[in-house]
Amino acid sequence: MAVKVKVMGNLVALALIILCVSLGCAGGNTKSKMVKADPIPQSQETAAPSPTTSRPAGHSFAYMVAMAGGNKGAERGYIKDLPREEYVRKYELKGVSDKNFRYRERTIRTNDASLLQVVGQAATLGIMPSGIGAAATSGNVARAAGGAAITGATVGSSPATPWQRRIQLAQVIPWMPESEAKTPEEAAAKMLDVLQKATAGVQMGESVLIELPKPVLVDNPPAVIIEATNHTGKVWTWAKGPGILFSASKSDPQQHKVFAMNDDIGTWTRISERLPRWCFVFLNGSLAGNGQYFVGYPIVLWQGKPNYFGS
């Protein structure tokens, strides 16, 4: 009996050592490949399209839209209201000596491996890149304020795998006027139709709609939304639940890799042009590629125009 206890103790100790080593290496050694990047063009800066009177502390339009839309990254402080160069330097390239490079490939492993898996497989644990919110799993989708998700809601490629569900590239943030739908079910069906039409014929790679939860009706949308949409009545909102999320556009679930091979910026700019005025798009810069590398900073797209944090 004493021998068995000692063996089990050694296994647990070995597991903890592997776990600690894995977590210690995750931040700086995720097997991510980089490529030299062009300087961030200042000419792309876009002025906020609505008045600034309701923006406290000088926050950017993009930041206010993300906060209003229930973006988990913004709410938890992962998304900072910083200029693009500063954001890339402090967060995207933290610990990288040469700031002229950007990531073009990432290995992302979720940290939900059990202790026995660590012992049996000596699994290397990774971390979620900054800016990614809570995963829209079936468990938390069922807890959405508006009720259960719409089943069979498909936009993009084939259904995402459980791992792809955690790799969230884009969040669509609608504030649908009450006149567009009478019930949460009708609003969700309307939203699905809007998304299908906006994405029709657009090359989205492997990006797919993760879930489409039902919305709730509110009579007091945030001031920045009222200013942007010029609508003061009741609205259907998805800001009270897990949100409308899309997975990364190019990935290898078997290897837990995400690639910047698709022009996600151009893709979602075109989609944004087709969306109604009451729809905004948040792009997670850690997973949004321009065809060569991940841009490394978050963007809010509205009516086909980019709006940057810190601007």
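Begin by selecting strands β1 and β2 in this predicted model, where the two strands run antiparallel to each other and are joined by four bridges. If you then show the side chains along this pair, you will find Met34 standing opposite Tyr103 of β2.

Keep β2 selected, which covers residues 101-107, and colour the strand by burial: five of its seven residues are buried, so that the strand is mostly covered, where buried means under 20% relative accessible area.

Next, add β9, residues 257-259, which pairs with β2 in the antiparallel sense over three bridges. Within this pairing, Arg106 is the residue to pick out, as Val258 of β9 lies opposite Arg106.

Stay on Val258 and bring in β8, since Val258 is also the bridge partner of Ser251; β8 and β9 are again antiparallel, here with two bridges between them.

With these strands displayed together, you can follow an open sheet of four strands in the order β1-β2-β9-β8, paired in antiparallel fashion. Why do β1 and β8 each have one side without a neighbour in the sheet? Both β1 (33-36) and β8 (251-252) stand at the edges and have a single partner strand each, so one side of each remains unaccompanied in the sheet.

Finally, zoom out to the whole chain, whose secondary structure amounts to 10 helices and 12 strands. Of its 311 residues, 47% count as buried, while the accessible surface comes to about 14700 Å², with 54% of that area belonging to carbon and sulfur atoms. Among contacts with a separation of 6 or more, 78% are between residues 24 or more positions apart.

Notes. Residues numbered from 1 in each chain as written. Predicted model: local features only at pLDDT ≥ 70, side-chain atom pairs only at ≥ 80, totals over all residues. Heavy atoms only, no water. Pairing = 2+ DSSP bridges. Buried < 20%, exposed > 50% of the residue type's maximum accessible area, 1.4 Å probe, protein only. Contact = heavy atoms within 4.5 Å. Areas by Shrake-Rupley, 256 points an atom, 1.4 Å probe, with all protein chains shown as cover.
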